[in-house]
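Here's an informal walk through a protein and DNA model, written for someone who likes to know the cut-offs. Have the viewer open while you read.

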Number of protein chains: 2
Amino acid sequence: MYVTMPNDQSSLSQFSATRRKADRKLARDLKPGGYLFREGDEARYIFRVLSGVLRLTRVMENGRRQVIAFGYPGDVIGFPNGAEHHTDCDVLTPARVVAYRRELLESGAGDAELHDELLTAALREISSMQDHFMMLGRKSASEKLASFLCVLADRVGTPLGPYTQIALPMSRCDIADFLGLTTETISRTITQLRRSGVIALESVHQVIILKPDDLLTLAGGEED
Amino acid sequence: MYVTMPNDQSSLSQFSATRRKADRKLARDLKPGGYLFREGDEARYIFRVLSGVLRLTRVMENGRRQVIAFGYPGDVIGFPNGAEHHTDCDVLTPARVVAYRRELLESGAGDAELHDELLTAALREISSMQDHFMMLGRKSASEKLASFLCVLADRVGTPLGPYTQIALPMSRCDIADFLGLTTETISRTITQLRRSGVIALESVHQVIILKPDDLLTLAGGEED
DNA sequence: CTGTTATGTATCAATTTGTAACGGCGCGGA
DNA sequence: TCCGCGCCGTTACAAATTGATACATAACAG
């Protein structure tokens, strides 16, 4: 059974209260194992995650897969480039999203506030993707995993302290494909972190941070 | 001496003719070795490259560097997220850019057409960064380099045929930091491509494609 | 309960990196 | 002008990291 992320609403503060209220009626519920869109689907909507976790992936013809991002509450997913989606968006946990017509981003379509929120989300997306470049290109396996855990904690709004718990709704393979590693390396590295007492596993999908400072150190510095 | 990219105007077609004419008066000339902005600078403008090549980098506190992107004619650089730039933008070749106030993207500020062009550029940027994720996370050194050459050729509008020449205005180190490799690996891989007769070097910064089909094969498939 | 999938572990192989050395080229100063 | 210096690029070899393979174990669904 999937574990629900704590503090699912933490990142929604960037959206106005009236927006959140209006969205509630338009919200769409998604089941784990389902999907929001697939590569090649017509990109008619942009989605905002209200709760739950989604996964955005791209697959090469030879089968190699790259997880582009995980969609957490507050994230906006499905920015269009051309007529079709170029990624798959799958549902990892029970989730709820709001769908906005792409015209709301492209022309405003009468709702200036929402237009602005979607635009800001797109710019934030660019910035966070730049962070991820550093992760993929210039960090070792252990740095990647440590960074990943830190980013996840930050993303769900959980302060990094001793005994902080972090849910991992995604599989080891998802983590590997997100970090540009193999599942074996993920396993190995998690074991290293466990043996060195930096983390413990409550369950396979629930990590306990034992030494937050060590984890941050292992994560390697951010941009200077 | 830097080599000028062929077909510098190739990608400008996505911007309207009237725009290009208006921009000419606002254009700013840049010298190699100079820069457009640095991390921490206030992000007041968004830039569009008219000619020349720029380099967008992010540096970690431990000195590790990631080249986020190379800015070629038609590219838009400096999308803001928050008040400050989070990257350095340096000038690789004599270049010309136009600066737009960030309000033009954020509110339109009266110019709907430009607003739309900048927004489209942002969405295109997200998509191309997703491509690059695949490159960084799931391709081998030789695949990365082959892909890089193909993308460069495509970017400047040069069709990939026998004896096609591609200018490399950036250093080996820049290429390495872009692809998540080391300069030595870049050198070694270029040598491999040369020895196998796929490419030749007109000069250090000028590649000749001898076997375009082999290069495309080596580049590995795109997303399926 | 049982077949199936996911995860962990160990071993070995492959790729990539690190280190060092060398040559070439441009630049500035003597 | 010539020389020396430093940066860039290349190469060879050793070392480290990561990947591949195989298998055991655990979790899960029917």
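## Ground rules

A polar contact here is a pair of N or O atoms within 3.5 Å; within protein, one atom must be able to donate a hydrogen and the other to accept it, and residues adjacent in sequence count only if both atoms are side-chain atoms. With that in hand, a phosphate oxygen of DNA strand D sits 2.6 Å from a polar backbone atom of Ala141(A).

This is a predicted model, so local features need pLDDT of at least 70 and side-chain atom pairs count only at pLDDT 80 or more, while totals for chains, interfaces and linings use all residues. Residues are numbered from 1 along each chain as its sequence is written, chains are lettered from A and ligands numbered from 1 in the order in which they are written, and side-chain values use heavy atoms, with hydrogens and water left out.

## Chain A on its own

Chain A has seven helices and 11 strands (DSSP runs numbered from the N terminus, with H or I of at least four residues for helices and E of at least two for strands). Of its 224 residues, 56% are buried; that label means under 20% relative accessible area, with exposed being over 50% and partly exposed in between, using a 1.4 Å probe on protein chains only.

Among the contacts in chain A with a separation of 6 or more, 71% link residues 24 or more positions apart (contact means heavy atoms within 4.5 Å).

## Where the two protein chains meet

On the chain B side, 47 residues are in contact with 46 residues of chain A. The area buried between them is about 4500 Å², and carbon and sulfur atoms give 58% of that. Arg58(B), Phe133(B) and Arg138(B) supply 18% of the area that chain B buries against chain A, more than any other three residues. Buried area is the accessible area (1.4 Å probe) that two parts lose on being put together, summed over both.

There are 19 residue pairs in polar contact between chain B and chain A, both partners at pLDDT 80 or more. The largest share of the chain B side, 18 residues, comes from α3(B). By class, that side has 17 nonpolar, 13 polar and 17 charged residues (Ala, Val, Leu, Ile, Met, Phe, Trp, Tyr, Cys and Pro count as nonpolar, Asp, Glu, Lys and Arg as charged, and the others, Gly among them, as polar). Gln130(B) belongs to helix α3 of chain B and is buried at 9% relative accessibility. Leaving out residues up to four places away in sequence, Gln130(B) touches Leu56(A), Arg58(A), Ile68(A), Thr87(A) and Met129(A).

## Salt bridges

A salt bridge is a side-chain nitrogen of Lys or Arg within 4 Å of a carboxyl oxygen of Asp or Glu. That rule gives 26 over all chains, and six across the interface of chain B and chain A. In one of these, Arg138(B) pairs with Asp177(A), the closest N and O atoms being 2.8 Å apart. Arg138(B) lies in helix α3 of chain B and Asp177(A) in helix α5 of chain A, so the pair joins two chains. Both ends are buried: Arg138(B) has a relative accessible area of 14% and Asp177(A) has 9%. The two also belong to a network of salt bridges that includes Arg38(A), Arg55(A) and Asp174(A).

Elsewhere, Glu103(A) and Arg101(A) meet in a salt bridge at 3.3 Å, N to O. Here Glu103(A) is partly exposed at 33% relative accessibility, and Arg101(A) is partly exposed at 43%.

## The DNA strands

For DNA strand D, 20 residues surround the strand, the closest being Ala141(A), Glu184(A), Thr185(A), Ser187(B) and Thr191(B). Near means that one of a residue's heavy atoms lies within 4 Å of the molecule or strand. Sugar and phosphate account for 68% of the strand D atoms that come within 4 Å of the protein. A phosphate oxygen of strand D is 2.7 Å from a side-chain N or O atom of Ser187(B), and a base nitrogen is 3.4 Å from one in Arg188(B). α6(B) gives the most to this surface, with five residues.

DNA strand C has 17 residues around it, and 64% of its atoms within 4 Å of the protein belong to sugar or phosphate. Its phosphate oxygens come 2.4 Å from a polar side-chain atom of Thr185(B) and 2.7 Å from a polar backbone atom of Ala141(B). The largest share of the surface near strand C, four residues, comes from α6(A).
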